[in-house]
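Here is a short guided tour for your next look at the viewer. Please open the sequence and the structure side by side and follow along.

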Amino acid sequence: MTASRPLRRIGQYDLPYWDFAAKGELRVQACKSCGHLRYPPGPCCPRCLSEDTDWRKLSGRGRVVTWTIFHRAYFPEIPVPYTVVSVETEEGPLLIGNLVRAGDIQPAVGLAVTAVFEEFLFGAEPGRLCQWMPSEISTTDNPGEDT
């Protein structure tokens with residue numbers, strides 16, 4: 001049985017993010033003019049104001065810059081407790097996700113993590129969500145490892 005998550009609110013600029021996530025690819029919006037990587041996506045580059053964009057594949061590696069553990073249930077689909085991390089990717093953009101498959105490893109600032117894509121039901125619609133796991137326990141069957 002596939003776990004559930006709250007319905008996604010997909011906007012006009014982040015639809016490509018979810019399309020790539022469905023394929024197990026971690027990509028963020030990139031400016032074709034100056035190369036600036038950004039997330040969340042938007043209509044133009046905040047550095048040079050170019051509207052010419054692309055979606056660049058990231059390595060899927062990063063480090064935790066902050067974290068918190070939720071003990072209160074805000075969404076009935078997400079059982080507590082769960083850990084949310086803010087990750088600075090190797091390429092620079094910050095991404096938020098759950099810390100998963102950590103075992104005895106405690107969340108910490110500077111913890112090396114790797115992106116993994118887990119399958120969920122968003123309402124009745126299947127999809128994949130980028131999560132983060134400690135890099136030291138990554139395995140070759142990890143779908144996020146080749147991002």
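Before we look at partners across strands, one definition helps: two strands pair if DSSP finds at least two bridges between them. Please keep in mind that this is a predicted model.

**A hairpin**

E8 and E9 meet this definition, pairing in the antiparallel sense over 10 bridges. Within that pairing, Phe-120 stands opposite Gly-127 in E9. The hairpin of E8 and E9 has 2 residues between the strands, and Gly-123 there takes a positive phi near 70 degrees. How many of the 10 residues of E9 are buried? The count is 8, and E9 is mostly covered.

**A sheet of 3 strands**

Elsewhere you will find an open sheet with the order E3-E2-E4 and antiparallel pairing. Strand E3 (37-38) and strand E4 (53-57) are its edge strands, each pairing on one side only. Between E2 and E4 there are 5 bridges, in the antiparallel sense. One bridge to pick out joins Cys-31 to its partner Thr-53 in E4.

**Gln-29 in strand E2**

Strand E2 covers residues 27-31 and includes Gln-29. Is Gln-29 buried or exposed? Its relative accessibility is 4%, and buried means under 20%, so Gln-29 counts as buried. A polar atom of the Gln-29 side chain lies 2.8 Å from the backbone nitrogen of Gly-42. Gly-42 also appears among the residues in contact with Gln-29, once neighbours within four places in sequence are left aside. That list further includes His-36, Leu-37, Arg-38, Pro-41, Thr-53, Asp-54 and Trp-55.

**Helix H1**

Helix H1 spans residues 15-22, and its buried residues are Tyr-17, Trp-18, Phe-20 and Ala-21. Seen down the axis of H1, these fall within an arc of 160 degrees, so they line one face of the helix. A general point is useful here: an α-helix has 3.6 residues a turn, so residues three or four places apart point the same way. What do the buried residues of H1 pack against? They pack against E2 and E4, and also against strand E8 (112-122) and strand E9 (125-134). After H1 comes Gly-24, whose phi is positive, near 80 degrees.

**Two glycines with positive phi**

For quick reference, here are the two glycines mentioned along the way.

| Glycine | Place | Phi |
|---|---|---|
| Gly-24 | follows H1 | positive, near 80 degrees |
| Gly-123 | hairpin of E8 and E9 | positive, near 70 degrees |

Terms used: Residues numbered from 1 in each chain as written. Heavy atoms only, no water. Helix = DSSP H or I, 4+ residues; strand = E, 2+ residues; numbered from the N terminus. Buried < 20%, exposed > 50% of the residue type's maximum accessible area, 1.4 Å probe, protein only. Polar contact = N/O pair within 3.5 Å; in protein donor to acceptor, adjacent residues only side chain to side chain. Contact = heavy atoms within 4.5 Å. Arc of directions from axis to C-beta.
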